[in-house]
Every structure is written in C-alpha cells, then in structure tokens.
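The following exercises concern the interior and the backbone of one protein model. Each task is followed by a solution in steps.

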Amino acid sequence: AFGPCMETFSQGLELVNSLQSEMDAILKSQGLTTGTVGERIQAVFRRPDQLYANTDAGREECLAYLNGLVQAMRARCPEKFNTLAHADLQIKRVPAYTEQSAPGGYYNGAALDGSRPGAYYINMRDMAELPKFTLKTLTYHEGIPGHHWQISIQQESQGLPFIRRALEGFNAYAEGWALYAEQLADEMGFYQDDPWGRLGYLKDACLRASRLVVDTGMHAKRMTRDDAIHSMNS
C-alpha cells in the first residue's frame, strides 16, 4: 500500500537535491560559501541589502516595486496567453489596525461588474518578514500570472454558468495554476540577471519538494517529527 508513497518520497528527495544544487551555485556566486544551503538562505533573509526600511517610506517603496512587477508581467502576458484577463490588480498593505492578527497576505477578487480591481493585500507589520529576494515569486504566484490572472479569467468567462464563474473555486486547480505561474515567469526570463530573485524562486520550489519528502516520509517511512523538522531545515 505504501508503494506510491515510497516512489513520491524518492522523487521528492531527487528534486530537493537538484534544487539545492542550483541554490548552492547561486549562493557561492554571491560569496556565501559557509554552512548548509538552508543556513546560508537564512543569512540572506538578514542581509541589509535585502530589507526595506521598517518605516512607512520603506513600505511605500516596497509596494511601488511590487506593483511595478505586476505591470511589467502584464505587458508580456499576450506572449503566452490567448485568453487575457481584463481586471486590474493592485497590491496593497494589510490595514495597520488588523495586521497583528492578520495572515501574511490574502487576495480579494475584482468586482464582477468591473467597478473594482482585484487586490492582493500583503502584511507589512514587520518588513524583516519580506526580504526583497522573495518578492518576485510571491507576486507572480499571488498576482499575475497567478491567482489574480486565473480567477479574473474565470470570472470574465461569459460562456460559463454564473455558479462556475463567480461562486465555485477549486483550490487544487488554483494552487496548481499559481505554481505553474512561478515556473512560467522563470521561463519568460524574469529572473534573468537577477540571482537573488532566482534564489527566491528556487527556495519556494524547494519548500514544495520538501513537503513531498516529509508528507510521505511520516506516513510510509515512520519519519519522526524531529526528522521532519531536520529535513526541512537542512
């Protein structure tokens, strides 16, 4: 019964090793040679050149950068998509009065009548939680060509019954689309000449591969909690 789990476990390990090899090469090219890949990535999180100031000015600078990423990607979407979304997307700060108890981010779809754009709200309670090298992949996943693009196309598909356009959502499909969007951004060259941005992309890909290892390892190989933590931190 554990056969498929064991196969997935092995595939996950191979993928983790491949992604870590790519990350190792980038880290070394940037002068980070000491420690495990995980330890060096944690060091990148703390680098001053990867952090926006934890001030309102720093937050505005970050939002301007993210919204710029959205517009740059949107301009090139006709290269890859026959069906285009029309709804605009704005990236906004989670309101300060709710940020302490709010999640890291959330998405609100555009109004069906086009009167309001879609919005991705990002939690800026502590800018140390949002290092620059992680932001491209986050934006492509949550925004364009990720969740906003897919959901807007669904809402704007007039040939579908209203229940399918506006009321139903299939999370496995939506998340699969968003992961594809991250890969598509790489294939389109958006990480070219940006080693830090590509490191962020690979880091997120490695997290998903690590889940394959841990999920199947705990079920099929009796991996302990400590084993799982060590595996994901290495």
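**Exercise 1.** Is serine 210 buried or exposed? Place this residue in its helix and list its contacts.

*Solution.* The model is a predicted one.
Step 1: serine 210 belongs to helix H8, which spans residues 195-220.
Step 2: its relative accessibility is 6%. The limit for a buried residue is under 20% relative accessible area, so serine 210 counts as buried at 6%.
Step 3: when residues up to four places away in sequence are not counted, serine 210 touches Val16 and Met232.

**Exercise 2.** Which members of the largest nonpolar core touch the most other members, and which helix contributes the largest share of this core?

*Solution.* Step 1: the core holds 50 residues, and Met73, Ile122, Trp149 and Leu199 touch the most other members.
Step 2: helix H8 supplies the largest share of this core, with 8 residues.
Step 3: in soluble globular proteins, nonpolar side chains tend to be buried together.
Step 4: take isoleucine 122 as an example. With neighbours within four places in sequence left aside, its contacts include Leu63, Leu66, Ile91, Val94, Leu130 and Leu138. Lys92, Arg93, Gly104 and Gly105 are also in contact with isoleucine 122.

**Exercise 3.** How many disulfides does the structure hold? Determine also the burial of cysteine 77 and cysteine 206.

*Solution.* Step 1: a disulfide is a covalent bond between the sulfur atoms of two cysteines. The structure holds 0 disulfides.
Step 2: cysteine 77 has a relative accessibility of 1% and therefore counts as buried.
Step 3: cysteine 206 has a relative accessible area of 7% and is likewise buried.

**Exercise 4.** Which peptide bond is cis, with omega near 10°? Where are aspartate 193 and arginine 222 found, and what are their phi values?

*Solution.* Step 1: most residues other than glycine have a negative phi, and most peptide bonds are trans.
Step 2: the bond from isoleucine 144 to proline 145 is cis, with omega near 10°. Proline 145 lies in the loop between helix H4 (135-142) and helix H5 (147-155).
Step 3: aspartate 193, in the loop between helix H7 (171-187) and H8, has a positive phi near 60°. Its relative accessible area is 77%, so aspartate 193 is exposed.
Step 4: arginine 222, in the loop between H8 and helix H9 (225-233), has a positive phi near 55°. Its relative accessible area is 57%, so arginine 222 is exposed.

Notes: Residues are numbered from 1 along each chain as its sequence is written. This is a predicted model: local features need pLDDT of at least 70, side-chain atom pairs count only at pLDDT 80 or more; totals for chains, interfaces and linings use all residues. Side-chain values use heavy atoms; hydrogens and water are left out. A nonpolar core is a set of buried Ala, Val, Leu, Ile, Met, Phe, Trp, Tyr and Cys residues joined through side-chain atoms within 4.5 Å. Buried means under 20% relative accessible area, exposed over 50%, partly exposed in between (1.4 Å probe, protein chains only). Helices (H or I, at least four residues) and strands (E, at least two) are DSSP runs, numbered from the N terminus. Contact means heavy atoms within 4.5 Å. A disulfide is a pair of cysteine sulfur atoms within 2.5 Å.
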